[in-house]
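Me: I have a model open and would like a close look at one part of it, with enough of the surroundings to place it. Could you walk me through it?

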Amino acid sequence: MRRGKRERVASVLGRLNVLEPMGSLGSRVQSELPILAYHRVVDIGVESDFPFDPELVSASPADFRAQMTYVRDHFNAITFGDVIRSLDGDHELPPRPIIVTFDDGFLDNYTNAYPVLRDLEMPATIFVSTGYIGSVETYWYDRVAYAIYRGPAGPFVLGSTRFELTDVASRRRATADAIRFLRGVADPVRRAHLGALEERIDCTVREADRHLSQAMDWSQVRELHDAGIEIGSHTVSHPALSQCDDETLAFELWESRRELETRLGAPTPVVAYPFGGPGEYDGRVMAAATQAGYRLAASYISGRNLLGALSSFELRRLHVERYTDLATFASMLQLPQLFAGAAR
Ligand SMILES: [Zn+2]
């Protein structure tokens, strides 16, 4: 998660202002479809005071506005629906298309990101985990982050790993390791571990902190949909799909699509795999997504998509993180090959 060499190179290139002429050279860039991936857009204040996972914060509202202004000035924002219409031959994509996406369905997408998109008259796509929409329940990975952040100092064991909780840094490290571990075990085991973890640490999310990690409700999702924001599926309960048995896998894909289509009265042809790394989806998951009626699916693997040769069930995305400065952001869009291949 730390800034790597390529981010530093990209940032320098951006500052040297060499990207405009490179980007405007044209045909290569025009044949690509960059897809930006955000989670949360929020000011987290003092990071060490934030009781949920700061890694899910992609940008502050001010940074997001600057990034979207850059996008509006250099690209044409489209939706996955536009891509599908173009694949079907019913629609011609504009030059330099781009898709802006958000995963999970956090309330701040509505309160902080949507006003920016509305001002700039840009569409975007929000992938929501339908089981959390309108629920007071905190997303499970943020429950893990919270329990580890708020829990008492000392050791705790998860699987075969013993964690030692002391300062905030040790808790953030433990959070990342614990979530990585839970993504990699069979889904029923993950659920059992989650319950046991909260019980052992004796720490469920306090009422006063709930608003810091909250999903949208259905009226907000409907309002966004009516305003031209595309709503995609992010399953029902946000499991690592590769860890689900066939029945659960089908349920997660079908049920989220059914609920979205019932609630919004519109087709839901696109899904983003939860977590979306190479360990969290595979051929079985892609086949199940096809069978569940999706036309496109987004992974969370970093990289480029070539129009005309789209990997429709493993679209790649470009990750925006809270430490992505505008120069890095610009180079990521103009030189996506620099960012190819990394999963979060
Ligand atoms: Zn997600």
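What share of the 344 residues of the protein counts as buried? And please take helix α7 as the part to look at closely: which of its residues are buried, and what covers them?

Reply: Happy to. Of the 344 residues, 55% count as buried. Keep in mind that this is a predicted model. Its mean pLDDT is 91, and 90% of the residues reach 70 or more. The stretch to treat with care is residues 21–27, where pLDDT stays under 50 and the model has four contacts beyond four places in sequence. Where pLDDT is low, the predicted coordinates should not be read in detail.

Now to your helix. The protein has 13 helices and twelve strands, and α7 spans residues 140–150. Ten of the eleven residues of α7 are buried, so the helix is largely enclosed by the rest of the structure. From the start of the helix, the buried ones are Trp-140, Tyr-141, Asp-142, Arg-143 and Val-144, followed by Ala-145, Tyr-146, Ala-147, Ile-148 and Tyr-149. Burial here means under 20% relative accessible area, and charged residue types such as Asp-142 and Arg-143 are on that list too. The cover over these buried residues includes the strands β2 (40–41), β5, β7 (154–158) and β8 (161–165), along with the helices α8 and α9.

The helix also has a place in the nonpolar interior. The largest nonpolar core has 69 residues, and those with the most contacts inside it are Leu-36, Tyr-38, Phe-64, Met-68, Phe-102 and Phe-329. Helix α7 supplies the largest share of this core, six residues. Domain 1 (5–136 + 213–339) and domain 2 (140–204) both give residues to the core, so it lies between them. Another core, of 16 residues, lies apart from it and has Tyr-273, Ala-292, Tyr-294 and Ala-297 among its members.

One of the well-connected core residues is worth a stop. Beyond its neighbours within four places in sequence, Phe-329 is in contact with Leu-36, Tyr-38, Gln-67, Met-68, Tyr-70, Val-71, Val-320 and Thr-324. Leu-36, Tyr-38 and Met-68 appear again here, having been listed with Phe-329 among the residues with the most contacts in the core.

Strand β5, part of the cover of α7, leads on to the metal site. The protein donors of the zinc ion are Asp-104 (OD), His-234 (NE2) and His-238 (NE2), at 2.0 to 2.2 Å from the ion. Their spacing in sequence is D-x129-H-x3-H. Asp-104 sits in strand β5 (residues 97–104) and His-238 in the loop between β9 (230–233) and α11 (246–264), so to speak a link between distant parts of the chain, 134 residues apart. Asp-104 and His-238 are both buried.

Helices α8 and α9, also part of the cover of α7, bring us to Ala-186, in the loop between α8 (168–183) and α9 (187–201). At 34% relative accessibility, Ala-186 counts as partly exposed. Ala-186 is 56 residues from Ser-242 in sequence, with 8.4 Å between their C-alpha atoms.

For the wider setting, 73% of the contacts between residues at least 6 apart in sequence join residues at least 24 apart.

Definitions and conventions:
Residues numbered from 1 in each chain as written. Predicted model: local features only at pLDDT ≥ 70, side-chain atom pairs only at ≥ 80, totals over all residues. Heavy atoms only, no water. pLDDT = per-residue confidence, 0-100. Contact = heavy atoms within 4.5 Å. Helix = DSSP H or I, 4+ residues; strand = E, 2+ residues; numbered from the N terminus. Buried < 20%, exposed > 50% of the residue type's maximum accessible area, 1.4 Å probe, protein only. Core = buried A, V, L, I, M, F, W, Y, C linked by side-chain atoms within 4.5 Å. Domains from an automatic or database assignment. Donors = N, O, S within 2.8 Å, 3.2 Å for Na, K, Ca; no water.
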